[in-house]
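Student: Could we go through the empty spaces inside this protein together? I would like to see what surrounds them.

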Amino acid sequence: MAEVKKPSTGGGWTRFVTARPRLSLLVALVITALAVLAGSGVGDRMGSGGWEDPDAESTYALEVLEREFPASQPNLLLLVDAGAAGVDSPAVAAEARRLAERLDAEPGVGGVGSYWQTGSPALRSEDGRQAVIAARIDGEEKAAGEVLERVAPEFRGTHGPVKVSVGGPLAVRHEMQTTIQEDLLRAEMIALPITLVLLVMVFGSAVAALLPLGIGIVAILGTNAVLRGITELTDVSVFAQNLTTALGLGLAIDYALFVVRRFREELAAGADTRTAVATTLRTAGRTVLFSALTVAVSLAAMLVFPQYFLRSFAYAGIAVVLLAAAAALILLPAALVLLGDRVNALDLRRLFRRRSGAGGGEREAGAGWARTAALVMRRAPLFAVATATGLVLLGLPFLGVRFGTADDRQLPASAESRVVQDHLRDAFPGNPGGGITVLAEGAATPGQYAGYRDRIKAIDGVARVEGPVTSPAGGRGHAYFTVVPEGETVGTDAQHVVGELRAEKAPFDTSVTGAAAVLVDSKDAIGDRLPWAAAVIVVVTLILVFLLTGSLLIPIQAVVLNALSLTAMFGAVVWVFQDGHLSGLLGFTSTGDIETTLPVLMFCVAFGLSMDYGVFLLSRIKEEYDATGDHEHAVRFGLRRTGGLITAAAVILAVVMVAIGTSRVTNTKMLGLGVALAVLMDAMVVRSLLVPSVMKLTGRLTWWAPGPLRRFHDRFGISEGGAPAAPEAEPERDRSPGPGPDAAREKERVG
């Protein structure tokens with residue numbers, strides 16, 4: 001005899017959320033409007049750097065050089081093209097000197113030097129048609145960017161016999177920031193309509209489809225306001241806006257999908273609106289909260305790294321995850337209370353259901369997932385070994401990864417600052433500004449400088465040494481040497497030279513900087529802190545999954561299977577973006593390496609999203625196992641009820657990430673396409689094949705835990721079926737194995 005559900009409005013949280021739904025939605029609307037105002041212009045306050053360690057030797061040396069020798073660290077380069085006349089013609093030289101004088105007179109610009117002033121061959125192209133005017137714009141990134149915006153239009157273009165293009169590190173960062181903001185707007189315009197269409201396909205109802213989209217927009221706007229506030233306190237990377245959009249839409253839609261689907265199930269089972277909302281919050285709501293915590297922890301692990309590029313993603317990620325969960329657990333239930341059965345209004349699949357019967361399509365889809373689970377579990381050893389082996393093979397290219405730094409080649413080939421840098425690389429001797437700089441501090445004689453120069457000139461891999469350039473006499477002495485390495489600016493040889501320079505003894509204090517030194521320091525910083533970040537993710541994940549399941553084995557399975565789901569992403573990143581396969585199709589320039597921080601970022605984001613789907617599946621399996629005591633039935637039932645939902649959520653999130661991946665900036669393209677691949681592999685391979693096969697192999701041992709841990713879970717654990725178990729609830733809790741396999745199979749049959 002079927003058990004009749006007692007009408008209930010749920011606990012205190014449910015009453016709080018649903019007592020005044022109209023007031024809740026009105027307050028949310030006001031807060032969202034304020035968030036729009038607070039978050040406006042946030043992109044203009046963000047930086048486009050952040051890959052360096054602020055406490056590293058290379059950063060210290062760079063700061064001293066910028067202070068003591070501004071001209072040694074130019075961040076603005078004017079490429080002067082004289083054409084066939086050549087840079088040494090009198091008319092060209094006169095115009096170039098006039099441009100240099102104008103530039104030197106600009107407020108905020110200093111350290112101006114040029115080929116026509118110094119005669120340095122490094123500032124003249126080998127064919128004599130181009131030369132460089134170099135300068136430095138002082139100040140923080142935002143202030144320097146404002147000076148660049150004022151100065152660049154005045155010098156860009158044709159001036160008498162020469163044509164001027166604007167480049168240099170500052171121009172590259174500024175153009176990258178502008179490109180990312182433009183690409184993000186385009187990505188949103190691509191993702192939003194496609195997402196709405198997919199949601200209509202999932203729900204059928206246009207009303208139900210609009211709810212997740214609304215939750216996502218609220219999360220994005222709220223996160224922009226949070227980031228705007230954080231920019232007042234610390235540096236934030238403009239790249240973080242991409243994660244805000246991706247997770248804001250992706251996770252909000254995931255959570256809303258889960259809540260709305262459960263609410264509709266409860267309505268279909270005969271519950272009234274408030275009872276359906278109460279049951280939904282008690283079950284799916286707990287899962288959403290739990291999932292948000294696991295994703296937030298994965299993203300919070302990036303806070304252990306010193307680079308503000310990585311820390312920015314933690315700021316954005318934590319904010320958007322918590323706001324998405326809050327919107328799904330506060331605003332969405334209020335909307336569902338007001339809508340009631342109207343959540344199914346504007347059903348665009350009505351014609352199809354007339355042919356197959358109400359709900360026939362969903363029942364057939366659920367039965368398909370149940371058959372998939374049954375097939376996988378019948379051949380569990382084969383599916384487990386074959387799937388795990390395939391995932392490992394897909395990850396093998398990552399063993400050949402080479403780490404580098406982001407440079408102008410992140411930009412499209414047509415970008416002005418990229419064009420300037422390409423000319424400097426290809427047409428100028430020694431790539432101006434691409435060497436290694438050794439800062440010398442302390443009193444020293446000319447003989448000591450000469451002896452040190454001779455020693456570093458003898459280091460293997462050094463092509464030439466320039467300097468020393470000394471500061472005016474008085475106070476603490478400063479000087480610097482420029483070391484030009486053989487081969488690539490940040491290649492293996494250059495990194496070796498950095499190590500040798502730092503090991504070389506000198507009669508004064510030395511610090512090494514330059515692109516190769518920044519890369520070495522960045523790799524060391526990430527390597528030192530990576531174990532801590534991994535430990536945070538693994539330990540907290542183990543604890544949270546144990547609190548959800550009460551099992552000792554499932555948390556370990558979750559961590560291992562999640563890691564396996566990321567192998568295809570890392571393998572593809574190396575095969576495509578490092579080795580250059582598909583570069584023509586995808587529209588990027590391969591530099592032969594991967595930016596050092598990107599794998600860390602992609603791991604934290606993809607691992608968190610994998611846990612998101614894992615929690616959805618495990619919570620439903622656990623709920624059914626608690627009700628029936630039948631392990632295999634619970635796995636089949638869990639996959640039947642969540643397989644389609646997880647796949648739909650993964651496809652929608654992948655659409656958002658692919659939209660992000662249309663960016664013209666290579667790192668953003670890598671992040672978007674890589675995470676999209678990881679999400680699809682996790683939902684369609686790991687959750688569909690590997691999880692059920694592994695759970696079949698472990699059998700009922702899956703749910704085992706030692707007595708002390710079991711008692712701890714009984715007291716403090718999280719259950720989707722209700723509140724945390726408490727000792728006083730023991731008399732009402734059925735601890736028998738459940739109705740048994742026969743009853744379980746009958747329940748699955750009538751599902």
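Student: How many cavities of 30 Å³ or more are there?

Tutor: Good place to start, and keep in mind that this is a predicted model. Rolling a probe the size of a water molecule over the atoms shows where empty space is left. With 30 Å³ as the cut-off, the count of cavities comes to 4.

Student: Which helix gives the most to the lining of the largest cavity?

Tutor: Let's find the space before its walls: the largest cavity has a volume of about 100 Å³. Of the 14 residues that line it, the closest to its centre are Gln410, Thr591, Asp593, Thr666 and Asn667. The biggest contribution, 3 residues, comes from the helix that spans residues 666–698, helix 24.

Student: How do the residues of that lining divide into nonpolar, polar and charged?

Tutor: Sort the lining of the largest cavity by residue type. You get 4 nonpolar, 7 polar and 3 charged.

Student: And which helix gives the most to the lining of the second largest cavity?

Tutor: This second largest cavity has a volume of about 70 Å³. At least two lining residues come from each of helix 19 (553–565), helix 22 (598–628) and helix 24. The most, 4 residues, come from helix 19.

Student: How many charged residues are in the lining of the second largest cavity?

Tutor: Its lining includes Ile554, Leu561, Gly614, Arg687 and Met695. Nicely, the division by type is 6 nonpolar and 2 polar, and the charged count is 1.

Key:
Residues are numbered from 1 along each chain as its sequence is written. This is a predicted model: local features need pLDDT of at least 70, side-chain atom pairs count only at pLDDT 80 or more; totals for chains, interfaces and linings use all residues. Side-chain values use heavy atoms; hydrogens and water are left out. On a 1 Å grid over the protein atoms alone, a cavity is a set of points where a 1.4 Å probe fits but cannot get out, and a pocket is an open set with protein on both sides within 12 Å along at least five of seven lines; lining residues have an atom within 4 Å of a point. Grid points are joined across faces, edges and corners, and a volume is the space filled by probe spheres set on the points. Ala, Val, Leu, Ile, Met, Phe, Trp, Tyr, Cys and Pro count as nonpolar, Asp, Glu, Lys and Arg as charged, and the others, Gly among them, as polar.
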